[in-house]
Amino acid sequence: MAEKKKKAFKMPHTFVIIISIILFATLMTWIIPAGQYARVENEAGIKVIDPSQFSFIERTPVNPLLIPLYIVKAICSRISLMLVILFSGGAFDMISKSGALHSAVARVAKVFQNRLYIFIPIMTTIFALICTTQGVNQFIAFAPVVVMITLAMGLDSITGAAIILLGGAVGFSTGMLNPSTTVVAQEIAELPTFSGIQYRAVCFVVFLIITNIYLVRYALKIHKDPNKSPMYEFDSQNEQKELDIDSFGSMNLRKTLIILSLVAALVGMVIGSVKFDWDMEELAATFIGLAVVVGFLSGETPSSMSKIFVDGCKKMITAALIIGLATTIANVMSAGKIVDTVVYGLASVLSHTPSFLMAPAMYIANTLINFVVVSGSGQAAAVMPIMIPLSDLLGVTRQTSVLAFNFGDGFCNYILPHSTALMGIISAVNIPYDRWMKFMWKLFLIWALTSCVMIGIAQAIHFGPM
């Protein structure tokens with residue numbers, strides 16, 4: 001008798017997890033005593049808690065029947081941010097459909113085919129820069145193309161997937177320009193949009209160098225002896241190894257202009273936010289403008305441009321709705337007057353932690369939370385209302401708290417078996433999870449140690465503004 005096939009374990013959908021947390025938060029408003037800290041304005045005019053003035057107050061438990069209303073109000077309060085995320089998906093889908101990225105990657109691969117120590121850093125840097133505004137899951141459909149190119153160069157499929165995943169991880173997790181994590185967290189923390197970008201840029205460079213050293217050493221080892229690849233038996237049967245790099249098309253003027261348009265849009269958003277106080281509305285409009293420019297450069301008709309843009313927006317609907325749902329958690333806790341009580345309890349625990357370990361402890365806490373709430377925007381909306389007053393209480397700058405969230409939310413996404421970005425890409429190129437982890441576990445530990453060091457430095461230099 002044939003052996004009965006085991007049913008694959010599936011993680012609950014993110015929506016189910018967040019709804020469960022909303023219900024749990026509602027229950028907690030009936031159980032946890034209500035409390036309140038006195039608020040005072042600091043030198044920057046931002047209201048922060050006064051650690052010496054905490055008192056328990058009368059309970060205001062939340063009616064579970066009102067949860068749908070809380071969800072609707074939370075979505076309305078985050079609509080401009082949700083539009084940024086939706087429209088960024090539409091614009092990036094337009095770029096992907098143009099084939100400009102495919103050709104650009106193939107051209108770089110052809111030029112540096114025998115110089116992996118140049119090719120890999122260039123490629124990871126490209127994906128890192130793009131992922132300063134995009135989630136890595138945007139590249140799921142593009143992953144087989146990069147793997148085909150690396151196989152044609154005599155490397156393995158893990159190298160191809162890692163170029164996207166690790167490069168994207170650095171860009172996403174360091175949070176320089178990320179609208180779905182940094183912007184959400186800074187908005188909750190009442191910080192200027194994209195403030196602190198200078199130190200985040202330093203973190204970006206540090207992590208990029210470390211990641212490239214790790215990946216280049218691995219690629220050179222595999223290039224020298226393919227048998228050392230965890231994917232050797234799989235890749236040796238892959239017909240794509242015989243493909244020619246030239247088959248991906250050449251870079252023409254039109255594709256070059258599309259890539260330049262993307263770069264110009266990214267630079268424009270930074271300058272606009274830093275110099276001209278752009279908010280969510282201006283960023284959303286920039287993504288619409290980028291999509292229109294790329295569409296015309298690609299030779300699309302207005303009708304086809306609309307279809308591609310809407311399809312790209314559809315891919316980001318889940319991420320956008322998660323922001324609203326996760327914001328509901330904070331709103332329910334706030335209505336039940338238990339946020340300050342939770343902060344008081346966490347502060348009491350962390351008060352025994354040495355001062356120089358306060359910020360790294362916040363990073364570790366965010367990492368553990370990310371095992372449950374994988375969505376970056378969802379985690380920001382759920383935990384930052386607690387982390388911000390906690391950082392005020394512990395003497396950690398709000399900017400450092402946002403950085404701890406960025407690192408905690410971002411880097412562990414590349415080892416979690418329920419991460420959309422990781423599982424989507426390795427599934428698209430047929431890499432088993434255990435083979436990926438055989439390659440990845442050491443780098444994750446290096447990332448974790450580096451995160452603690454960089455966050456510790458941020459705390460030591462009073463990384464601001466507050």
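## Helix H13

A residue is called buried when its relative accessible area is under 20%, and exposed when the value is over 50%. By this reading of the structure, which is a predicted model, the buried residues in helix H13 include Met305, Ile308, Phe309, Gly312 and Cys313. They span an arc of only 140 degrees around the axis, and therefore sit on the same side of H13. An α-helix has 3.6 residues a turn, so residues three or four places apart point the same way. Ser303, Lys307 and Lys314 are exposed residues on the face of H13 that is turned away from the buried side.

The length of this helix can also be checked. H13 covers residues 302-315, and at 1.5 Å a residue its 14 residues should span 20 Å; the C-alpha atoms at its ends are 20 Å apart, so expectation and model agree.

H13 also holds a salt bridge, formed between the side chains of Asp311 and Lys307 at 3.2 Å, N to O. The two residues are four apart within the helix, which is about one turn. Lys307 counts as exposed because its relative accessibility is 55%, while Asp311, with a relative accessible area of 24%, is partly exposed.

## Salt bridges elsewhere

Side chains of opposite charge can pair when their charged atoms come close. In the whole structure, a search finds six salt bridges. One of them joins the side chains of Glu233 and Arg435, at 2.6 Å from N to O. This pair connects distant parts of the chain, since Glu233 belongs to helix H10 (residues 232-235) and Arg435 to helix H20 (residues 433-460), with their positions 202 residues apart in the numbering. Glu233 has a relative accessibility of 36% and so counts as partly exposed.

A further salt bridge pairs Arg398 with Asp392, whose closest N and O atoms are 2.8 Å apart. Both Arg398 and Asp392 are buried. Shared partners also connect salt bridges into one network made up of Glu233, Asp434 and Arg435.

## The largest cavity

Three cavities of 30 Å³ or more are found when the whole structure is searched. The largest of them has a volume of about 50 Å³. Its lining is formed by Ser88, Ala91, Phe92, Ile95, Ile130, Thr133, Gln134, Leu262, Leu266, Phe287 and Leu290.

Three helices each supply at least two residues of this lining: H3 (79-98), H11 (253-275) and H12 (280-297). The greatest contribution comes from H3, with four residues. In character, the lining residues of the largest cavity divide into eight nonpolar and three polar, with no charged residue among them.

## Helix H6

Helix H6, which runs over residues 143-152, is mostly covered, with eight of its ten residues buried. These buried residues are Ala143, Val145, Val146, Val147, Met148, Ile149, Thr150 and Leu151. Just after H6 comes Gly154, where phi is positive, at about 85 degrees.

## Positive phi in other residues

Two residues other than glycine also have a positive phi. For Lys337, phi is near 60 degrees. Lys337 is found in the loop that separates helix H14 (317-335) from helix H15 (339-350), and its relative accessibility of 35% means that it counts as partly exposed.

His462 is likewise not a glycine, and its phi is positive at about 55 degrees. His462 belongs to the segment after H20. It counts as exposed, because its relative accessibility is 58%.

## Contacts across the sequence

Thr367 is part of helix H16 (residues 358-370). With a relative accessible area of 11%, Thr367 is buried. Its C-alpha atom is 8.3 Å from that of Gly410, although the two residues are 43 apart in sequence.

Met437 lies in helix H20, and with a relative accessible area of 19% it is buried. Met437 and Pro417 stand 20 residues apart in sequence, and the distance in space from C-alpha to C-alpha is 9.9 Å.

Methods. Residues numbered from 1 in each chain as written. Predicted model: local features only at pLDDT ≥ 70, side-chain atom pairs only at ≥ 80, totals over all residues. Heavy atoms only, no water. Buried < 20%, exposed > 50% of the residue type's maximum accessible area, 1.4 Å probe, protein only. 1 Å grid on protein atoms, 1.4 Å probe; cavity = no way out; pocket = protein on both sides within 12 Å on 5 of 7 lines; lining within 4 Å. Points joined across faces, edges and corners; volume = space filled by probe spheres on them. Nonpolar A, V, L, I, M, F, W, Y, C, P; charged D, E, K, R; others polar. Expected span 1.5 Å × (residues − 1). Arc of directions from axis to C-beta. Salt bridge = Lys/Arg side-chain N within 4 Å of Asp/Glu carboxyl O.
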